[in-house]
Each structure stands twice: as C-alpha cells, then as structure tokens.
Amino acid sequence: MKRKYNKEQIIVFILGLLVLIGFLAGPATGDYYLRLFALTLIYLILTTGLNIVAGYAGQVSLGQAGLYAVGAYAGGILAVKFGMSFWVSLPIAMVAAGICGFIVGIPTLRVSGHYLALVTIGFGVIVEILLVQWIPLTGGPAGISVPLIGIGGQPLSENQVYYLILVICLLVLFFVKNIIKSPIGRAFSAIRDNEIAAGCMGINIMGYKLMAFVLSAVLAGLAGCLYTYLSSYISPDTFNFNLSVFFLLTIIIGGQGTMAGPIIGTLLLTILPDYLQALEQYRLIVYGLLMIVAVIGLPYGISGAIIRKFPKLIEVEKPEKIEADPIEDRHDNNDEDKLLVLDNVTKRFGGLNAIKDMSLTVKKGSVHSLIGPNGAGKSTMINIITGVYKPNEGRVVFNGRELNNIKPYKIALAGISRTFQSVQVFGKISVLENIMVGGHGQYRSNLFDFTFKSRRGRKEETITRERAWALLKMVGLEDRASEFADSLSSGQQRLLEIARALAMEPDLLLLDEPAAGLNEIEIGNLAQIIEKIKAKGITILLIEHHIDFVMDISDAITVLNFGKKLAEGTPMEIQGNQEVIEAYLGKNEVVEVC
Ligand SMILES: Nc1ncnc2c1ncn2[C@@H]1O[C@H](COP(=O)(O)OP(=O)(O)OP(=O)(O)O)[C@@H](O)[C@H]1O
C-alpha cells in the first residue's frame with residue numbers, strides 16, 4: 001500500500017530545510033543562531049517524545065521538564081564527578097530518565113486527565129527542589145559546568161556539535177516514526193480514543209501506557225544530556241514548570257498525535273520569538289496572540305488543521321488485489337460442544353440485580369441470540385463475558401477456562417471479540433487502522449522489531465494490512481479506508497466494528513445490537529455477513545431488537561426479563577411461548593413474524 005502524498009516526505013522536506021538553515025546559520029549569522037538551532041533540535045527530540053505520551057497515548061504530562069532535568073544532571077554529574085565521557089554518560093542519562101518515566105507512569109494505572117496532570121506537575125516540582133537542595137550532588141543553585149564533547153581527546157567545534165545533534169534528532173524521528181506506524185503506535189492511539197474498546201481488542205492498557213511514559217522519558221533524558229553538553233553549564237532555574245508548559249504548548253500548537261506536529265510547533269515556538277525581536281516591545285504580544293489563535297482556532301493544532309483541510313495528504317491507495325475471503329476458519333476437531341458456559345451468574349449495581357442467577361450455554365458454531373425488553377440485562381451479560389464487569393456471583397467458562405478474574409485484554413486474546421451497543425470506534429485514526437488494531441493480538445514481533453523494521457515485523461504488518469483491506473471490502477467500506485473513523489455514519493461504524501472484531505480471529509463473536517440504525521438493505525447485508533461468519537465456524541452471541549432478523553438467523557434464543565431467564569429454545573419454540581409473547585414480543589409482533 002502506498003500513500004499518494006507521503007507525510008514522511010513532508011517531514012524530510014522540513015528537516016532538509018533545517019539542515020540548510022543550519023549550514024547558512026553557522027558561518028553567516030554566527031554562533032548565536034547555530035546554538036538556537038541546536039537547542040531547537042534538542043527540544044524537538046523532547047517534544048517528539050512528549051507527543052508519544054500526550055499526543056498518541058492521550059496521557060497528559062506536565063512533568064517533562066523534570067525528566068529533561070534528570071537527563072541533563074545525569075550527564076553533568078557523570079562527567080564532572082565520575083569523569084565519564086559524553087558517549088558513556090548519554091545512554092546512562094537515558095536509562096535514568098527512563099526509570100523516572102516508569103515511576104511517573106505508574107499513577108496512570110489509577111488516575112487520568114486533570115489528576116494525572118497534577119501528579120506529573122508534582123514530579124517536576126520534586127525534581128526542581130532536589131536540584132536546589134542536594135548541593136553535594138547537583139551543585140545547588142550555583143549549578144554545574146561541564147566539559148565539551150570530545151572524540152579521541154579532541155573537543156568538537158560548535159558546528160560539529162550542531163551536526164551531531166542533528167544526526168541524533170533525525171535518528172530519533174526515524175525510529176519514533178517506525179514505532180508510531182506499527183501496532184504499538186496504533187495501540188497508543190486506540191487507548192487515547194477509547195480505553196474500554198482498546199482493552200477488548202487485546203491491548204494491555206497498563207503496559208502500553210507505561211511504555212509510552214518510558215519512551216517519552218528516555219527521549220527527554222537524551223535531550224537533557226545533549227542540552228548539558230551544548231550549553232556546558234546547567235543550573236536548576238532552567239528546568240522549571242514553565243518549561244513543561246512550553247513543551248506541552250509546543251505539541252498542542254503544532255498538532256498532537258501527528259509526526260509533523262512537534263516539528264512545526266518546536267520550530268515555531270523556539271525560533272519565531274527570536275525573529276520577532278525586531279518588533280521589540282510588541283514581540284511578546286504577537287507571540288501570545290499566535291498561541292491564542294492556534295489553540296482556539298486550530299483545535300487539532302497546525303498539522304491537524306492541514307490534514308483536515310487536505311485529506312489527500314493521508315490518503316492510502318487501495319491495493320489492486322484484495323483477498324476475497326478474509327475470515328479465518330475456526331472449525332476444529334475438538335469434540336467439546338459447549339464453547340461458553342455461564343453458571344448462576346449474578347451482577348448487582350447497588351441494590352439493582354442487573355443479572356440474577358443466570359445460567360447459559362452457547363454451543364460451538366451456533367448463532368445464539370439474547371432478546372428481551374430494555375433493561376433486561378443483555379448488555380450486562382456481554383460486559384461480564386468480556387471482563388468489563390466482574391460478576392458478584394457465579395462463573396463464566398470459555399473453552400473450558402474460567403474467565404472470572406481475567407482482565408479484558410486477556411479474555412480478548414483468548415478468542416472472544418465484541419461490538420458495542422453504542423458504537424465505540426477509534427475516532428481519530430483511519431478506518432483501515434481501526435481494523436488493524438483488531439489484528440493486534442496476532443503479532444509476535446516486539447518493540448525492537450518495529451523500531452528497526454525487522455523482516456518479521458514488516459511481514460506481520462503486511463499480513464495484517466492485507467487482511468484489514470479484505471475485511472473492509474467485505475463490509476463495503478473499502479472506499480472510506482483513509483478517513484477518520486468518526487466521520488462514518490453510525491451504521492457504517494457498526495459495520496466497521498464487526499470488521500474490527502473479525503480481525504481478532506475470534507472463536508466467539510459477541511454482537512450487541514449490530515442492526516441498530518441500519519436500513520432494510522443494510523440489515524439484509526448484515527444477515528449475509530453473519531451467515532458467512534457462521535460458515536467459518538465462528539460462534540456468535542447476538543443481542544438484537546429486530547425480532548424477524550433474530551428469528552431468521554438464530555439457532556437458539558434466550559429471552560431475558562428483569563435480569564432473569566424467561567425462556568430458551570429454537571426460534572419456533574420462542575415464537576410459541578406464551579410468557580415471551582406477553583412479556584416481550586406482543587401479539588402483533590408474533591403474527592408478523594409468523
Ligand atoms: N454501569 C452500570 N451502573 C449502574 N447500573 C447499570 C450499569 N449498567 C447497566 N445498569 C443497569 O442494569 C440494568 C440492565 O442493563 P442492560 O444495559 O444490561 O440492559 P439491556 O437488556 O442491555 O437493555 P437495552 O436493550 O436497553 O440495552 C438496567 O437497569 C441498567 O440501568
């Protein structure tokens with residue numbers, strides 16, 4: 001798959017421009033601008049890392065200056081107190097910051113949003129205080145002076161240092177781009193857009209949040225260490241809270257969650273204020289106005305606005321050949337007939353029994369429907385099966401394995417996929433990427449494979465992408481592949497959810513009101529899709545209010561009322577059940593169905 005217009009080419013173009021500026025800036029305009037550009041590149045390394053955690057993974061961090069300080073002081077202290085060279089202290093500084101990032105990331109397991117922002121601010125403040133108070137190690141307010149970077153005993157010139165930083169910055173952008181374009185990057189975006197749905201796609205939410213924090217901290221540490229050697233002197237007042245706010249503003253204005261965002265934001269906010277010096281006393285006003293206009297007028301930042309204005313920039317080209325049969329065959333030779341068993345399950349919300357002593361057996365390869373009036377407890381059952389809710393009593397057994405205390409992502413990886421009653425697509429990534437998120441559990445490659453684009457990683461990515469195209473075609477959305485998922489109609493989003501759930505190659509597919517919002521033709525297509533899925537040996541547990549649709553495609557039906565089982569049987573048996581007619585179907589409905 002190729003992009004017609006390649007975002008990476010734009011990034012390379014901007015960076016090419018930067019190199020050119022660097023060439024001209026050194027000899028033509030003197031050391032001041034060379035240092036300014038070097039500092040911009042250092043900030044770019046840091047904001048690219050911040051973009052991973054805040055832009056892609058959606059976790060607010062206002063402690064980045066603290067992590068930057070850890071890298072800077074680790075580099076400085078190792079050089080001054082232990083006589084280590086730049087080349088040895090750089091990786092140690094990155095590891096030190098990475099460990100701090102892990103510690104800062106732990107609260108994300110419990111808090112998010114404003115609370116997380118406060119926790120990260122707290123970290124930055126603690127670092128600032130330590131830098132001032134721990135005088136024997138940090139030099140206190142007087143700071144530390146650091147020797148120049150050297151190779152073979154020879155110190156590098158200012159120009160050489162600039163190009164060293166440029167090369168490191170380019171490598172960082174290249175590796176981060178590889179990670180972001182991999183299932184890891186998609187997992188970050190999925191968590192940002194919808195944590196519950198991401199968990200149900202087999203994504204280990206806590207693990208990926210921590211990974212995002214550690215990656216961004218490692219890059220902050222790298223930037224900090226480079227800063228120490230660029231400026232030859234560090235003191236606590238550089239690493240204050242304002243700097244953390246500045247970093248966050250940079251990616252908000254540039255455009256969070258895009259590779260180009262930090263580049264645009266960092267260039268704009270680091271270099272522009274300096275050029276505005278000509279406007280003397282109006283400089284800060286112009287700077288402030290720019291920020292207000294960008295934040296209010298461009299909610300997705302500058303790069304986000306560009307992408308929305310010119311969607312062709314992110315358009316992916318449809319492959320010439322799309323596989324016709326994307327659904328994995330799940331028939332097996334196992335004689336066990338029961339795929340899913342609920343044994344006396346009860347779920348209470350306060351004093352309300354949403355489900356009471358519910359027992360249910362879903363046979364392998366069947367389409368089993370749950371019907372019942374609103375509030376009967378149908379969605380609660382699906383949420384219990386997928387681990388979103390924990391039952392108060394009873395057991396859920398899938399494929400012979402008890403699921404009661406298993407996390408949603410592990411249940412998903414065990415072979416259960418689902419759609420949601422109120423659609424839960426990942427709105428800010430493309431339709432194609434949404435389906436690729438479904439393929440998350442199929443990868444065997446790791447962070448190393450994706451960072452360095454190993455053969456294994458590339459091969460798995462190609463397979464997932466091809467299957468995603470095939471699933472898109474099956475649900476008739478292949479012409480919408482490049483669009484953001486939240487731009488689809490709700491009916492299309494339901495189809496997208498089904499395709500995404502199938503990308504997980506499940507044994508059991510839970511469909512929660514898939515026909516809601518679809519017209520008659522779309523419901524007909526949906527019935528065909530369900531038939532196809534069933535023919536592949538995938539078991540389906542269906543919740544639906546379109547009774548004739550349910551009667552047509554089900555092998556078994558369970559009727560719920562007030563959290564209890566009212567009746568169970570084949571469609572014929574249910575249609576003739578007097579209690580069901582009175583509680584749910586109503587006489588007219590039955591006449592219509594018959
Ligand atoms: N998270 C929750 N907190 C409190 N009450 C809940 C929660 N989820 C469901 N309920 C309640 O549990 C009962 C069953 O809800 P559930 O959504 O399972 O019903 P349903 O059969 O799926 O209904 P519908 O067809 O309207 O979706 C309802 O009374 C509902 O208000």
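Rings of Phe, Tyr and Trp (its six-membered ring) pair if their centres lie within 6.5 Å, and planes under 30 degrees apart count as stacked, over 60 as edge-to-face and the rest as tilted. By that rule, Tyr43, Tyr68, Tyr73, Tyr227, Phe239, Phe246 and Phe247 form one aromatic cluster. This is a predicted model, where local features need pLDDT of at least 70 and side-chain atom pairs count only at pLDDT 80 or more, while totals for chains, interfaces and linings use all residues. Residues are numbered from 1 along each chain as its sequence is written, and side-chain values use heavy atoms, with hydrogens and water left out.

**Aromatic pairs**

- The structure holds 18 aromatic pairs.
- One of them joins Tyr43 and Tyr68 edge-to-face, with 6.3 Å from centre to centre and 65° between the planes.
- Tyr43 belongs to helix α2 (residues 31-56) and Tyr68 to helix α3 (residues 64-82), so this pair ties together parts that are 25 residues apart in sequence. Helices here are DSSP runs (H or I, at least four residues), as are strands (E, at least two), and both are numbered from the N terminus.
- Tyr43 is buried at a relative accessible area of 11%, and Tyr68 is buried at 0%. Buried means under 20% relative accessible area, exposed over 50%, and partly exposed in between (1.4 Å probe, protein chains only).

**Two helices, α10 and α11**

- Helix α10 (residues 205-231) has 27 residues that should span 39 Å at 1.5 Å a residue, and its end C-alpha atoms are indeed 39 Å apart. The expected span is 1.5 Å times one less than the number of residues.
- Most of α10 is covered, with 21 of its 27 residues buried.
- Ser232, just after α10, takes a positive phi of about 65°.
- For the 14 residues of helix α11 (residues 241-254), the expected span of 20 Å agrees with the 20 Å between the end C-alpha atoms.
- Buried residues in α11 include Leu243, Phe246, Phe247, Leu248 and Ile251.
- Gly255 follows α11 directly and has a positive phi of about 125°.

**Around the ligand**

- Of the 15 residues around the ligand, Gly375, Lys378, Ser379, Thr380 and Gln421 come nearest. A residue counts as near if one of its heavy atoms lies within 4 Å.
- An N or O atom in the side chain of Gln421 is 2.6 Å from an oxygen atom of the ligand.
- A polar side-chain atom of Tyr389 lies 3.0 Å from a ligand nitrogen atom.
- Ala376 brings a backbone N or O atom to 3.1 Å from an oxygen atom of the ligand.
- On its own the ligand has 630 Å² of accessible area, and the protein covers 65% of that. Such areas come from the Shrake-Rupley method with a 1.4 Å probe.
- Two or more residues of the shell come from each of β6 (352-363) and α15 (378-385); α15 gives the largest share, 3 residues.

**Individual residues to look at**

- Asp357 lies in strand β6, and its phi is near 45°, a positive value in a residue other than glycine. At 41% relative accessibility, Asp357 counts as partly exposed.
- Glu505 sits in the loop between α20 (490-503) and β11 (508-512). Its phi is positive, about 50°, although Glu505 is not a glycine, and the residue is buried at a relative accessible area of 13%.
- Val425 is found in the loop between β10 (416-418) and α17 (431-438), and is buried at 10% relative accessible area.

Key. Polar contact = N/O pair within 3.5 Å; in protein donor to acceptor, adjacent residues only side chain to side chain.
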